[in-house]
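Subject: Structure for you to look at

Hi,

Here is the structure I promised to pass on. Have it open while you read, and my notes follow below it.

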Amino acid sequence: MTTFIEVPRGLAGVIVTDTEVGDVRGEEGFYHYRQYSAIELIEKRDFEDVWHLMLKGELPTAEQRAAFIAEVTPLRHLPKAVADLLPALSGSVPMEGLRTALSFAAAHRGMKPLLDIDEETRLADTLFASALVPTILTALHRLRHGMQPIAPRDDLPYAANYLYMLTGEEPRPEHAKAIEAYLMSTIDHGFNASTFTARVIASTGADIGATLVGAIGALSGPLHGGAPSRALDALDAIGSPENIDEWVRTTITNGERMMGFGHAVYKTDDPRSLMLRDVATSLGGPRVEFAKQVEKRVVEILAELKPGRNLYTNVEFYAGVVMEDCGVPRDMFTPTFAASRVIGWAANVLEQARDSKIIRPRARYTGEVPPVPVPAP
């Protein structure tokens, strides 16, 4: 007789595997990439160092870093067949186009199932895919708005190159640094929906392209990767400081979701939000000060109306403010998230590929008791 194990809805709090990639400790307001604090990495290292850490398992020495940059820089450039496909995909939003373009790029490269390739080939496939995603996304954005794609510059690091391909101008150093901080903060974040999706697909032995395309589909959902633009929409809806209290009270009283606030794991301040608030403050401007006013009043009014219910800003709230200030348009907020998270997905896929056990849970059937006689036509 089969024994079933009852678990919470959505698998909340359920441990499904072991990982060395990283973790989120929500009660503490802390998360890490492998053994290092993600926030400390942002303060002390560059994006390429963390990319190396996630996919190769260690922070690089200066020599290893130079070799890694030389390895991934050529991979940023679009294969001609992929570039030729992009105009046909540019009518949709970039996240939709990315799914098709990355799937095609994987097929064009001839990616084979994880089950049939060695560790070195798996790593090469993940580097190819993670290097290519930013180029695909920025090209799709420019084509969608009637502009020609811009090829990556080999002399620019990851974040600066992303802004360059997006806007056509070499970014100001403070903008490149701010976007790098955001990208580094979102590389990985525990067993979220998209990471779990990637690992489920990897557990079947599918190819790297299939695992990442599945993860992109999960990230495209507004409850996962779509909140930064909605958080800015909320600031727009409030409009000015004198409207804050009325908007916040109405939203809370009506039980509506407050985009940019709350997190499924953190029970205290989201460390990514605290870091990005500092980044936003360093950039300055009226939008930043307004966002800080809104944050303050949300926390205060919530304490008044719903004592004991703690609600803090999450990464999306200040991410939107920072990206907007650096020239990233709102329809590119979630794609920008994908441009970094693809590395975290890849790290998880490589780890999952070392364990060939397929992920195969069960569902409880709650329909009419079978077997019901099949009626005649």
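A word on terms before the tour: helices and strands here are DSSP runs, with at least four residues for a helix and at least two for a strand, numbered from the N terminus. Please also keep in mind that this is a predicted model.

**Overall build**

On that definition, the protein has 16 helices and three strands. Its radius of gyration comes out at 22 Å, close to the 21 Å that the globule rule gives for 377 residues, so the protein is as compact as a globular protein of that length. If you want a feel for the dimensions, the C-alpha atoms fill a box of roughly 65 × 60 × 50 Å along the principal axes.

**Two helices that cross**

Have a look at α9 (residues 193-203) and α16 (residues 333-353). Their axes come within 9 Å and cross at roughly 35°, and the crossing is right-handed. On the α9 side, the residues in contact are S194, T195, A198, R199, A202 and S203, and they meet R341, W345, N348, V349, E351 and Q352 of α16. By class, the residues of this contact divide into four nonpolar, five polar and three charged.

**Enclosed spaces**

Next, the inside. Rolling a probe the size of a water molecule over the atoms shows where empty space is left. Searching the whole structure this way turns up two cavities of 30 Å³ or more.

The largest cavity holds about 50 Å³ of space. Its lining is made up of R76, A131, P134, T135, Y158, N161, Y162 and M165. Two elements, α6 (119-144) and α7 (158-167), each give two or more residues to that lining, and α7 has the largest share, with four residues. Five of the lining residues are nonpolar, two are polar and one is charged.

The second largest cavity has a volume of about 30 Å³. Around the second largest cavity you will find A234, L235, I238, W247, M258, M259, F261, V294 and F317. Helix α11 (residues 227-238) gives the most here, with three residues. What classes do the residues of this lining fall into? They are nine nonpolar, with no polar and no charged residues.

**An open pocket**

There is also a pocket worth showing you, the second largest one, with about 870 Å³ of space. It is lined by 26 residues, and I5, V7, L11, P361 and R362 lie nearest its centre. The lining of this pocket has 14 nonpolar, four polar and eight charged residues.

**Two backbone details**

L11, one of the residues nearest the centre of that pocket, turns up again for its backbone. Its phi is near 60°, a positive value in a residue other than glycine. To find L11 in the viewer, go to the segment before β1 (22-25).

For the other detail, go to the segment after α16, where P371 is found. The peptide bond from P370 to P371 is cis, with omega near -5°. Since α16 also takes part in the crossing with α9, you can start from that helix pair and follow the chain on to P371, in the segment after α16.

That's the tour. Shout if anything is unclear.

Cheers

Note on methods. Residues are numbered from 1 along each chain as its sequence is written. This is a predicted model: local features need pLDDT of at least 70, side-chain atom pairs count only at pLDDT 80 or more; totals for chains, interfaces and linings use all residues. Side-chain values use heavy atoms; hydrogens and water are left out. Axes are lines fitted to C-alpha atoms, for helices over the stretch in contact, and angles run from 0 to 180 degrees between N-to-C directions. A crossing is left-handed if the near helix is turned anticlockwise from the far one by less than a right angle, and right-handed if clockwise. Contact means heavy atoms within 4.5 Å. Ala, Val, Leu, Ile, Met, Phe, Trp, Tyr, Cys and Pro count as nonpolar, Asp, Glu, Lys and Arg as charged, and the others, Gly among them, as polar. On a 1 Å grid over the protein atoms alone, a cavity is a set of points where a 1.4 Å probe fits but cannot get out, and a pocket is an open set with protein on both sides within 12 Å along at least five of seven lines; lining residues have an atom within 4 Å of a point. Grid points are joined across faces, edges and corners, and a volume is the space filled by probe spheres set on the points. The radius of gyration is taken over C-alpha atoms; the globule rule is 2.2 Å times the number of residues to the power 0.38.
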